Amino acid sequence: EVQLQASGGGLVPAGGSLTLSCAVSGFTDEDYAIGWFRQAPGKEREGLACFSSEADRSYYDDSVKGRFSISTDNARTTIHLEMTRLRPEDTAVYYCAADSGRCSFLRRAYRIWGQGTQVTVSS
């Protein structure tokens, strides 16, 4: 059974940094994608970044490009999302998601979701 465990959320002042982690277990597919999403109150869940094991690279939405970056441990069992220069509008519940295949920023592209972790950026 594939499981994702997101962690690392918290309260941070505007301009600060925070790193989220997504622990992946039980994933046997050789090629997979791990996506990071967020959902603010009253808004749709939006895709932010994605790591592709096939391409061995990460992709970013324009809204976070240059501020957020993905890294992995050597075994690729933990995917980190380093967030810098945080803004109050980054406040949301952040989720990681997994599926076989290529990266996507679309929610429907992912079958497996971790529980969310709250990120709050104070002004």
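Buried here means under 20% relative accessible area.

**Figure 1. Overview of the chain in the predicted model.** By that cut-off, 42% of the 123 residues of the chain count as buried. The chain has eleven strands and zero helices. Read from the N terminus, the order of elements is β-β-β-β-β-β-β-β-β-β-β. The radius of gyration is 13 Å, close to the 14 Å that the globule rule gives for 123 residues, so the chain is as compact as a globular protein of that length. Along the principal axes, the C-alpha atoms fill a box of roughly 40 × 30 × 25 Å. The accessible surface of the chain is about 6,500 Å². Carbon and sulfur atoms account for 44% of that surface. Take the contacts between residues at least 6 apart in sequence: 57% of them join residues at least 24 apart.

**Figure 2. The β7–β8 hairpin.** Strand β7 covers residues 68-72 and strand β8 covers residues 78-83. The two run antiparallel and are joined by five bridges. Ile 70 stands opposite Leu 81 of β8. Five residues lie between the strands of this hairpin. In the turn, Arg 76 has a positive phi of about 60°.

**Figure 3. The largest nonpolar core, with 29 residues.** Leu 81, Met 83 and Tyr 94 have the most contacts inside this core. At least two core residues come from each of β1 (3-7), β3 (18-25), β4 (32-39), β5 (46-52), β7, β8, β9 (92-100) and β11 (117-122). Another core, of five residues, lies apart from the 29-residue one. Phe 37, Cys 50, Ala 97 and Tyr 110 are among its members.

**Figure 4. The surroundings of Tyr 94.** Residues up to four places away in sequence are not counted here. Tyr 94 touches Leu 81 and Met 83, the two residues named with Tyr 94 as having the most contacts inside the largest core. The partners of Tyr 94 also include Leu 20, Phe 37, Arg 38, Leu 48 and Phe 68. Further along the sequence, Tyr 94 meets Gln 115, Gly 116, Thr 117 and Val 119.

**Figure 5. Aromatic pairs and a ring cluster.** The structure holds four aromatic pairs. In one of them, the ring centres of Tyr 110 and Trp 113 are 6.3 Å apart and the planes stand at 70°, so the pair is edge-to-face. Planes over 60 degrees apart earn that label. Tyr 110 is buried, with a relative accessible area of 6%. Trp 113 is partly exposed, at 25% relative accessibility. Ring pairs link Phe 37, Tyr 95, Tyr 110 and Trp 113 into a cluster. Two of these residues, Phe 37 and Tyr 110, also appear in the core of five residues.

**Figure 6. Strand β11 and its partners β2 and β9.** Strand β2 (residues 10-13) runs parallel to β11, and four bridges join them. Val 12 has Val 121 of β11 as its bridge partner. β9 and β11 pair in the antiparallel sense, over three bridges. There, Ala 92 stands opposite Val 119. Side chains alternate along β11. Thr 117, Val 119 and Val 121 point to one face and are buried. Gln 118, Thr 120 and Ser 122 point to the other face and are not buried.

**Figure 7. Close-up of Thr 120 in strand β11.** Thr 120 is partly exposed, with a relative accessibility of 29%. Leaving out residues up to four places away in sequence, Thr 120 touches Gly 10, Leu 11, Val 12 and Thr 91. Gly 10, Leu 11 and Val 12 fall within β2 (residues 10-13). Thr 120 and Phe 68 are 52 residues apart in sequence, and their C-alpha atoms are 16 Å apart in space.

**Figure 8. Asp 61 and Asp 62 in the loop between β6 and β7.** Strand β6 covers residues 57-60. Asp 61 is partly exposed, at 24% relative accessible area. Asp 62 is exposed, at 65% relative accessibility. Neighbours within four places in sequence aside, Asp 61 is in contact with Gly 47, Leu 48 and Phe 105. Asp 61 and Trp 36 are 25 residues apart in sequence and 10 Å apart in space, C-alpha to C-alpha. For Asp 62 and Asp 29, the C-alpha separation is 29 Å, with their places 33 residues apart in sequence counted as the distance apart.

Definitions and conventions. Residues are numbered from 1 along each chain as its sequence is written. This is a predicted model: local features need pLDDT of at least 70, side-chain atom pairs count only at pLDDT 80 or more; totals for chains, interfaces and linings use all residues. Side-chain values use heavy atoms; hydrogens and water are left out. Two strands pair if DSSP finds at least two bridges between them. A nonpolar core is a set of buried Ala, Val, Leu, Ile, Met, Phe, Trp, Tyr and Cys residues joined through side-chain atoms within 4.5 Å. Buried means under 20% relative accessible area, exposed over 50%, partly exposed in between (1.4 Å probe, protein chains only). Contact means heavy atoms within 4.5 Å. The radius of gyration is taken over C-alpha atoms; the globule rule is 2.2 Å times the number of residues to the power 0.38. Accessible areas come from the Shrake-Rupley method with a 1.4 Å probe; for residues, only the protein chains shown count as cover. Rings of Phe, Tyr and Trp (its six-membered ring) pair if their centres lie within 6.5 Å; planes under 30 degrees apart count as stacked, over 60 as edge-to-face and the rest as tilted.
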